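This report concerns the pockets of one protein model and the residues that line them.

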Amino acid sequence: MQLYSYFRSSASFRVRIALAVKGLDFDYVPVHLVKGEHKAPAYADRIGDSLVPTLVTDGGSALAQSLAIMEYLDETHPTPPLLPSTTLARARVRALAQTVACDVHPIANLRVLKYLVHELKVDEAAKNAWYHHWVRNGLEVLERQLALLAQERMAQGLAPSMLCWGDTPTLADCCLVPQIFNAKRFNVSLEGLPLTMAAFDACMALPAFQAAQPSACPDFEA
């Protein structure tokens with residue numbers, strides 16, 4: 001497999017985590033977003049978009065969108081699973097993952113921030129205020145969701161979660177960790193998020209998450 005990725009892309013980071021959790025080998029193909037390499041026709045025309053990541057399967061199919069890629073990996077390489085065994089638990093995990101991937105990340109990613117600055121002429125302070133507001137708001141939502149899930153697990157007689165759900169990485173953890181990395185990079189306050197940060201710290205103690213982080217990527221820039 002080949003993964004077209006950029007070290008700072010949180011969506012690419014999600015897929016790198018999933019690949020590492022499953023112990024899957026892949027060729028890393030860097031696509032520099034800041035330099036605009038994702039807009040080159042040779043790349044964009046293949047997937048009908050100009051985003052990363054793209055996963056090229058062993059059979060040569062090009063897959064876009066991180067959540068779809070991770071579910072593809074889970075279906076084709078089911079061990080270890082990224083989704084729980086029960087229908088309800090799978091829905092809970094998908095909801096956590098989508099809170100980050102669908103609600104938080106899209107309105108605070110690079111192309112949105114660049115549009116604010118270049119087209120709408122927003123200054124640096126206002127751009128940063130936008131980012132801080134939406135990321136913090138989303139993480140507070142996630143914290144409330146994790147608190148409700150903790151209550152649900154207790155009512156079901158399940159042990160408290162070490163990660164987002166249970167003690168093994170799921171789609172939710174794959175999405176949470178990159179968002180926290182970005183929040184730290186932009187100095188978003190992470191105070192008052194005990195369950196969120198406990199899950200993050202537990203993830204980062206695992207070798208797969210260490211291996212997938214930006215500083216471990218071949219295109220890393222300090």
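The two largest pockets are taken in turn below, followed by a short table.

The model is predicted, so that local features need pLDDT of at least 70 and side-chain atom pairs count only at pLDDT 80 or more, while totals for chains, interfaces and linings use all residues. Residues are numbered from 1 along each chain as its sequence is written, and side-chain values use heavy atoms, with hydrogens and water left out.

A pocket here is an open set of points on a 1 Å grid over the protein atoms alone, where a 1.4 Å probe fits, with protein on both sides within 12 Å along at least five of seven lines; lining residues have an atom within 4 Å of a point.

Of the 39 residues that line the largest pocket, Leu-33, His-105, Asn-109, Leu-110 and Arg-111 lie nearest its centre. Among the elements giving two or more residues to this lining are helices H1 (10–21), H4 (87–104), H5 (110–118) and H6 (124–155), and H5 gives the most, with six residues.

The second largest pocket has 15 lining residues, of which Leu-146, Ala-150, Pro-160, Ser-161 and Leu-195 lie nearest its centre. Two or more residues of this lining come from each of H6 and helix H8 (194–204), with H6 giving the most, five residues.

| Pocket | Nonpolar lining residues | Polar lining residues | Charged lining residues |
|---|---|---|---|
| Largest pocket | 19 residues | 11 residues | nine residues |
| Second largest pocket | 13 residues | one residue | one residue |

In this table Ala, Val, Leu, Ile, Met, Phe, Trp, Tyr, Cys and Pro count as nonpolar, Asp, Glu, Lys and Arg as charged, and the others, Gly among them, as polar.

How values were computed. Helices (H or I, at least four residues) and strands (E, at least two) are DSSP runs, numbered from the N terminus.
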